[in-house]
Structures are given as structure tokens and as C-alpha cells.
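Me: I have not seen this structure before. Please take me through its pockets, salt bridges and backbone angles one question at a time.

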Amino acid sequence: YIGKPLTELILPDSRNTRAIMFGEYFIRSGYRLIDMETSYDERDENHRYYQNSIIGIVYDNKLTGYWHTMRNISKLKIAEKKLQYKTRLDQLVSHISTRFINLPPESIDKNIESAFGEICGATGSDAGFLHLFSYTHNTSSLTHFWHNQKVQAKRSDHINLPLLEIQWVLDNLKKNGMLVIPSKKHLPSKEAERWINTALGAESFIIKPIYYQENLTGMMGLIS
């Protein structure tokens, strides 16, 4: 590349748009680009972030070279994004909780489902649900459900279900305090597969228990 014009190294129709972007910013900055952040999808499928500084070497009013330093700031950026995500969720949950304080009883059901919609929007989920248990009849019923077009489920298929059919869910919730199903490949049994397949378009679940006076009274979760 020594001695070649920049037009030969970075052509307008080049696929290396990152190099073109670097060149444009470098020139516009007066050959002094400081702490420019870039991100890359590496071969190991990890997303990495870098901080770049490029200082031009000018001699006789001509750019004759440059110094380029690149610092890996992936851990810092990932931690920053996690903190921002958690902060947004905390603010959303606080806003929803405050809203429920003064709601009249007849508006609670509707607002529970709209709250699921807000949470799904913030987390990128496709559906949110609430099941309540009746130990008098040993059944579970889907009482609240919000979903977008990607996930479909008939509420009638989830009314008065025998608790035995979801015993695997209850066991996991009692043991681990949460049930995470990253994909259908991780389902533990045929019963689990049948239960999951009642929600068309569902691929992954995260489920949390609901306790009242130290008794497991229901569960809520998100679907993607």
C-alpha cells in the first residue's frame, strides 16, 4: 500500500464502509481523531467495542502517516448497557406500581394486561402472562394475557388446568425461584412440550413464582 493514493485504497463502491467512515471522520477532524467508539461482531459471535484514537503525521503541509491506538472497552460498554437496561426496567416497574395504587378495582384487570404490554416492549418479549392457582380445585388458570402478533394462545385452553399437568413448572419454581426455557430443545418432558405448544409462536419462556403469605399462589412470565 506504500505510495498508493487513498482513492485506490478506499474506493467509493468498496464494501469496507467502516474504513470509509474512519477516513471521513479523520479528515474532518483535521487528522486528529480522539476516542472514537466502534463495535465489531467477531467470529466467535461476541460483540466487541473499541475506543480508537488516530493522530496524523503531517510534514510539509502533507499527511505522511498516522498513529492509531485501539483500546478494547467491551467489558465497560456491556456493563454500561446492562446498567442502562436495568435502570429503564426499574423506572418502568416503579411507574407501573405507582399507577396501580390509586386504581379503582374495576380497572385493575385491564391495567395488568397493559402493564404486561409495557414490560414486553421494554424487554423485547412477544407476550406476558399471569396464572393463578386454586388449591381448592388443584387447578391453574390463565387470568391475564398480553401478546403481539408473533404469539397466539387461546385463553380457554388455559382455564382450570390440573396442577399435575404443570407440576414440572411448580417443582422448578419452588426449587430455583425461576424457570428459564431458552428454547423448545430444552423442554424436560412430553407434558412440558404439550403445555408450551398451546402458545403458537412461542420459542422461549421466563417464569417467576407469585407468593402470598409464603404460599405459591400463581406465576407470571414473558414469552419470546
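Reply: Ask away, and bear in mind that this is a predicted model.

Me: How many residues line the second largest pocket, and which element supplies the largest share of them?

Reply: The second largest pocket has a volume of about 520 Å³. Its lining has 18 residues, and H3, H4, S4, S8 and S9 each supply at least two of them. The largest share, five residues, comes from helix H4.

Me: What classes of residue make up that lining of the second largest pocket, and how many are charged?

Reply: Phe 116, Ile 119, Lys 208, Met 220 and Leu 222 lie nearest the centre of the pocket. Lys counts as charged, whereas Phe, Ile, Met and Leu count as nonpolar. Over the lining of this pocket there are 15 nonpolar residues and two polar ones, and the number of charged residues is one.

Me: What is the volume of the largest cavity, and how many charged residues line it?

Reply: The count of cavities of 30 Å³ or more comes to one. Residues lining the largest cavity include Phe 129, His 131, Trp 195 and Ile 223, and S4, S5 and H6 each supply at least two residues of the lining. By class the lining has nine nonpolar and three polar residues, with no charged ones. The volume of the largest cavity is about 110 Å³.

Me: Which residues are joined into one network by salt bridges that share partners?

Reply: Glu 37 pairs with Lys 77, with the closest N and O atoms 3.1 Å apart. That pair links distant parts of the chain, as Glu 37 is in strand S1 and Lys 77 is in helix H3, 40 residues apart. Lys 77 also forms a salt bridge with Glu 80, at 3.4 Å between the closest N and O atoms. Through shared partners, the network joins Glu 37, Lys 77 and Glu 80.

Me: Is Lys 77 buried or exposed?

Reply: Its partner Glu 37 has 45% relative accessibility and counts as partly exposed, and Glu 80, at 35%, is also partly exposed. For Lys 77 the relative accessible area is 12%. Buried means under 20%, so Lys 77 is buried.

Me: How far apart are the closest N and O atoms of Glu 113 and Arg 155?

Reply: Glu 113 is in helix H4 and Arg 155 in the loop between S5 and S6, 42 residues apart along the chain. Glu 113 is partly exposed at 22% relative accessibility, and Arg 155 is partly exposed at 36%. The two form a salt bridge, and the distance between their closest N and O atoms is 2.8 Å.

Me: What is the phi of Asp 60, and what is that of Glu 214?

Reply: Most residues other than glycine have a negative phi. Asp 60, in the loop between S2 and S3, is exposed at 62% relative accessible area. Glu 214, in the loop between S8 and S9, is exposed at 76%. Both have a positive phi: about 55° for Asp 60 and about 65° for Glu 214.

Me: Which residues form the nonpolar patch on the surface, and what is their accessible area together?

Reply: Leu 63, one of the patch residues, is found in strand S3. Its relative accessibility is 35%, so Leu 63 counts as partly exposed. The patch consists of Ile 27, Tyr 31, Val 58 and Leu 63, and their accessible area together is about 330 Å².

Definitions and conventions
Residues numbered from 1 in each chain as written. Predicted model: local features only at pLDDT ≥ 70, side-chain atom pairs only at ≥ 80, totals over all residues. Heavy atoms only, no water. Patch = residues over 30% accessible without salt bridge, like charges linked within 9 Å, V, L, I, M, F, W, Y side chains within 5 Å. Areas by Shrake-Rupley, 256 points an atom, 1.4 Å probe, with all protein chains shown as cover. Salt bridge = Lys/Arg side-chain N within 4 Å of Asp/Glu carboxyl O. Helix = DSSP H or I, 4+ residues; strand = E, 2+ residues; numbered from the N terminus. Buried < 20%, exposed > 50% of the residue type's maximum accessible area, 1.4 Å probe, protein only. 1 Å grid on protein atoms, 1.4 Å probe; cavity = no way out; pocket = protein on both sides within 12 Å on 5 of 7 lines; lining within 4 Å. Points joined across faces, edges and corners; volume = space filled by probe spheres on them.
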